[in-house]
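New to this one? Here is a quick briefing to read with the model open beside you.

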Amino acid sequence: MFDFARRALFVLAIFFASLPAVAEEAPIDCANAIATHELNFCSEKELDKADAALNAAYKKVLAFIAKSEGEKPYDPKSWEAALRESQRAWVAFRDADCKGLIPMSWGGGTATTGAVLGCMSEKTKARTKELEDLYEEE
């Protein structure tokens with residue numbers, strides 16, 4: 001019996017060694033994604049893109065504030081502090097809403113991750129537009 005188990009392990013080792021590496025997989029085409037792992041991958045890419053746009057808008061707002069003039073409590077330093085506090089609160093809200101509340105409505109199904117990532121992307125895009133609209137230079 002022991003010899004049979006060792007042979008079976010040897011055969012399995014050869015089988016797994018002959019499988020192609022994950023890095024050799026074809027790239028995921030997000031326009032035609034169907035499988036859950038593909039959809040999640042594409043949702044992560046979308047969130048990364050939305051997050052980069054938000055960071056760019058946030059930096060523009062900081063630059064806008066730095067050029068402003070005013071006396072306390074409306075000076076650039078106070079304004080920047082207020083923006084930073086607001087942004088931290090917004091991130092906390094987005095994460096609580098998307099990572100905490102959304103999974104409850106999905107009941108932990110296979111689409112939960114995509115729903116969470118989609119929620120985060122949409123809220124991030126909305127925040128980006130809000131910052132751009134509020135602080136665009138004329």
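What follows is a short tour by topic, from the overall fold to the cores.

Keep in mind that this is a predicted model. The protein has four helices and zero strands, and its pattern along the sequence reads α-α-α-α.

**The big picture**

- The protein has 138 residues, and 22% of them count as buried.
- Its accessible surface adds up to about 10200 Å². Carbon and sulfur atoms account for 62% of that surface.
- Take the contacts between residues at least 6 apart in sequence: 61% of them join residues at least 24 apart.

**Helix α4**

- Helix α4 runs over residues 112–135, which makes 24 residues. From first C-alpha to last it reaches 35 Å, close to the 34 Å expected at 1.5 Å a residue.
- Quite a few side chains here are tucked away: the buried residues of α4 include Ala 115, Val 116, Leu 117, Met 120 and Leu 131. Thr 124, Arg 127 and Thr 128 are also among the buried residues of this helix.
- What do those buried residues pack against? Their partners are α2 (36–66) and α3 (76–106).
- Thr 112 belongs to helix α4. Its relative accessible area is 10%, under the 20% cut-off, so Thr 112 counts as buried.
- Setting aside neighbours within four places in sequence, Thr 112 touches Pro 103 and Trp 106.

**Two disulfides**

- The count of disulfides comes to two. With the bonded cysteines numbered in sequence order, the pairing goes 1-2, 3-4.
- Cys 30 and Cys 42 make one of them, with 2.1 Å from S to S. Cys 30 sits in the loop between α1 (2–18) and α2 while Cys 42 is in helix α2, so this pair ties together parts 12 residues apart in sequence.
- The link of Cys 30 and Cys 42 is left-handed, with -95° about the S-S bond.
- Are the two ends of that link buried or exposed? Cys 30 is partly exposed, at 33% relative accessibility, whereas Cys 42 is buried, at 13%.
- Cys 98 and Cys 119 form a disulfide too, and their sulfur atoms are 2.0 Å apart. Here Cys 98 comes from helix α3 and Cys 119 from helix α4, so the bond ties together parts that are 21 residues apart in sequence.
- The link of Cys 98 and Cys 119 is also left-handed, at -70° about the S-S bond. Both Cys 98 and Cys 119 are buried.

**Aromatic rings**

- You'll find three aromatic pairs in the structure. One of them is Phe 64 with Trp 79: the ring centres are 5.9 Å apart and the planes meet at 85°, so the pair is edge-to-face.
- That pair links distant parts of the chain, with Phe 64 in helix α2 and Trp 79 in helix α3, 15 residues apart.
- Phe 64 is partly exposed, with a relative accessible area of 24%. Trp 79 is partly exposed as well, at 28% relative accessibility.
- Ring pairs also bring in Tyr 135: together, Phe 64, Trp 79 and Tyr 135 are linked into a cluster.

**Nonpolar cores**

- In soluble globular proteins, nonpolar side chains tend to be buried together.
- Which residues form the largest nonpolar core? There are eight: Leu 54, Tyr 58, Val 61, Leu 62, Ile 65, Leu 83, Trp 90 and Leu 131.
- The elements that give two or more residues to this core are α2 and α3. α2 gives the most, with five residues.
- Apart from this core lies another one, of six residues. Cys 98, Val 116, Leu 117 and Cys 119 are among them, so look there for the Cys 98 and Cys 119 disulfide again.
- Back in the largest core, Leu 131 is one of its residues. Leaving out neighbours within four places in sequence, Leu 131 is in contact with Leu 54, Tyr 58, Val 61, Leu 83 and Gln 87.

Note on methods. Residues numbered from 1 in each chain as written. Predicted model: local features only at pLDDT ≥ 70, side-chain atom pairs only at ≥ 80, totals over all residues. Heavy atoms only, no water. Expected span 1.5 Å × (residues − 1). Buried < 20%, exposed > 50% of the residue type's maximum accessible area, 1.4 Å probe, protein only. Contact = heavy atoms within 4.5 Å. Areas by Shrake-Rupley, 256 points an atom, 1.4 Å probe, with all protein chains shown as cover. Phe/Tyr/Trp six-rings, centres within 6.5 Å; stacked < 30°, edge-to-face > 60°. Disulfide = S-S within 2.5 Å. Core = buried A, V, L, I, M, F, W, Y, C linked by side-chain atoms within 4.5 Å.
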